[in-house]
There are 2 protein chains.
Amino acid sequence: MKKIAVMITDLFEDSEYREPVQAFRDAGHQVVTVGLEGGKTVFGKTEKTRVKIERSVHDTHVNDYDALFIPGGYSPDKLRADPVAVGFVREFVLSGKPVLGICHAPQLLISARVLEGRRITGYVSIIQDIINAGAEFVDQEVVRDNNLLFSRNPGDLPAFINASLAMLAEGQDPR
Amino acid sequence: MKKIAVMITDLFEDSEYREPVQAFRDAGHQVVTVGLEGGKTVFGKTEKTRVKIERSVHDTHVNDYDALFIPGGYSPDKLRADPVAVGFVREFVLSGKPVLGICHAPQLLISARVLEGRRITGYVSIIQDIINAGAEFVDQEVVRDNNLLFSRNPGDLPAFINASLAMLAEGQDPR
């Protein structure tokens, strides 16, 4: 099982948090919510799903986790305004550990300047930003490029969850 | 007086719509709200300000207006997912008519691919996107580059409104 940092703040896309996190937990992985302020409760964009932030990104380290998951909505836009959050994502991508994201999540990787030469997908509104960052935008439900695994929108969630669980299981002994 | 298209949809930043539009009207300009669907009411992000969309961008033309104003918030992210809205912004910028924007408004110009070599400012979270689009990001309350006049956030509104009114008055006889 893996320890997964879920990077999230207000206005996240509810289903893009709830469904993968439930699947990760059901598969036996540990999920830790990482946000801008520890102890704070943040809310989803549409259904006002409540999420308690367990760790501030200002007070945690990439070494503490095996993987990173970034849900979409407008949460990534808010997180990328914080240089420490951007630095955390940058370190994670460069570490080679799995980085899973969906929808607007690539915005954080753009600010972290780690997309040059990578293949990725994301929400339709940010396609030009992804291309301008030097990445190849691929219009598929799941796009994996080494340690990056991304999807476009909530419609891709079933495929995203399956591919994420398979990636997280790599190198693990069957239990 | 000028006829100004205000491009807007749901989740706009309330003050970034209300205050400039009030100032434009007080100065005698005509304001027309242009969105994705004519007759629809859209709502602000924070204070739920109601705005009735007068014209769909699918059913109007740059020739009908003297200037374009794009409020911020998450409205530009939603608008840029529509190719017709992006094309409207592109034509406006290339027409040389005034294009006024604040906060996340540059996202529409990024999708319209009209920022190469331009000087502009915008909200802190999109700085890397602006740079990646080939523009020079300037961290000032108002940045004007020929027909483009942009500001960063609601704190810049007084300076933005003053500069916008001055720009809209250019070439007009005093009345």
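This briefing covers the chain pairing, the sheet, the core and a few single residues of the structure above.

The model is predicted. Chain A and chain B meet through 13 residues from each. Chain A can be laid on chain B by a turn of 180°. In chain A, seven strands form an open sheet with mixed pairing. The largest nonpolar core has 110 residues.

**How the two chains meet**

- The contact draws 13 residues from chain A and 13 residues from chain B.
- On the side of chain A that touches chain B, two elements give two or more residues: α4 (106-111) and α5 (127-132) of chain A.
- α5(A) gives the most to that side, with three residues.
- By class, this side of chain A has five nonpolar, four polar and four charged residues.
- Of the interface residues of chain A, 100% are also interface residues in chain B, so the copies meet through the same surface.

**Symmetry of the copies**

- Laying chain A on chain B takes a turn of 180° and a shift of 0.0 Å along the axis, and the RMSD is 0.0 Å.
- The two copies are therefore related as by a two-fold rotation axis.

**The sheet of chain A**

- The strand order of the open sheet is β5-β2-β1-β6-β7-β11-β10 in chain A, and the pairing is mixed.
- β5 and β10 (143-145) of chain A stand at the edges. Each has a single partner strand, so one side of each is left without a neighbour in the sheet.
- Strand β1 (residues 3-7) and strand β2 (residues 30-35) of chain A run parallel and are joined by five bridges.
- Two of the residue pairings fix the register here. Lys3(A) has Gln30(A) as its bridge partner in β2(A), and Ile4(A) has Val31(A).
- Between β1(A) and β2(A), the chain passes through helix α1 (residues 14-26) of chain A. This β-α-β crossover is right-handed.
- On to the edge: β2(A) and strand β5 (residues 55-56) of chain A run parallel, with two bridges between them.
- In that pairing, Gly35(A) has Ser56(A) as its bridge partner in β5(A).
- As background, side chains in a regular strand alternate between the two faces of the sheet.

**Matching pieces in chain B**

- Strand β1 (residues 3-7) of chain B pairs with strand β2 (residues 30-35) of chain B in the parallel sense, over five bridges.
- Val6(B) has Thr33(B) as its bridge partner in β2(B).
- The chain crosses from β1(B) to β2(B) through helix α1 (residues 14-26) of chain B, and this β-α-β crossover is right-handed.
- β2(B) is joined by two bridges to strand β5 (residues 55-56) of chain B, and the two run parallel.
- Val34(B) stands opposite Arg55(B) in β5(B).

**The nonpolar core**

- The largest nonpolar core counts 110 residues.
- Leu68(A), Val89(A), Leu68(B) and Val89(B) have the most contacts inside this core.
- Leaving out residues up to four places away in sequence, Leu68(A) touches Ala5(A), Met7(A), Phe92(A), Val99(A) and Leu100(A).
- In general, nonpolar side chains in soluble globular proteins tend to be buried together.

**Two residues with positive phi**

- Leu11(A) is not a glycine, yet has a positive phi of about 70°.
- Leu11(A) sits in the loop between β1 and α1 of chain A.
- Leu11(A) counts as buried because 21 C-beta neighbours lie inside 10 Å.
- Lys48(A) is not a glycine either, and has a positive phi of about 60°.
- Lys48(A) is placed in the loop between β3 (41-43) and β4 (50-52) of chain A.
- Lys48(A) is exposed, with 8 other C-beta atoms within 10 Å.

**Leu157(A)**

- Leu157(A) belongs to helix α6 (residues 157-169) of chain A.
- Leu157(A) has 20 other C-beta atoms within 10 Å and is therefore buried.
- Leaving out residues up to four places away in sequence, Leu157(A) touches Ser15(A), Glu16(A) and Glu19(A).
- Val142(A) is 15 residues from Leu157(A) along the chain, and their C-alpha atoms are separated by 9.2 Å.

Note on methods:
Residues are numbered from 1 along each chain as its sequence is written. Chains are lettered from A and ligands numbered from 1 in the order in which they are written. This is a predicted model: local features need pLDDT of at least 70, side-chain atom pairs count only at pLDDT 80 or more; totals for chains, interfaces and linings use all residues. Two residues are in contact if their C-beta atoms, placed from the backbone, lie within 7 Å. Helices (H or I, at least four residues) and strands (E, at least two) are DSSP runs, numbered from the N terminus. Ala, Val, Leu, Ile, Met, Phe, Trp, Tyr, Cys and Pro count as nonpolar, Asp, Glu, Lys and Arg as charged, and the others, Gly among them, as polar. Copies are superposed by least squares on the C-alpha atoms of residues with pLDDT of at least 70 in both. Two strands pair if DSSP finds at least two bridges between them. A crossover is right-handed if, with the strands pointing away from the viewer, the path from the first strand over the helix to the second runs clockwise. A nonpolar core is a set of buried Ala, Val, Leu, Ile, Met, Phe, Trp, Tyr and Cys residues joined through C-beta atoms within 7 Å. A residue is buried if 20 or more other C-beta atoms lie within 10 Å of its own, exposed if 12 or fewer, and partly exposed in between; C-beta atoms are placed from the backbone.
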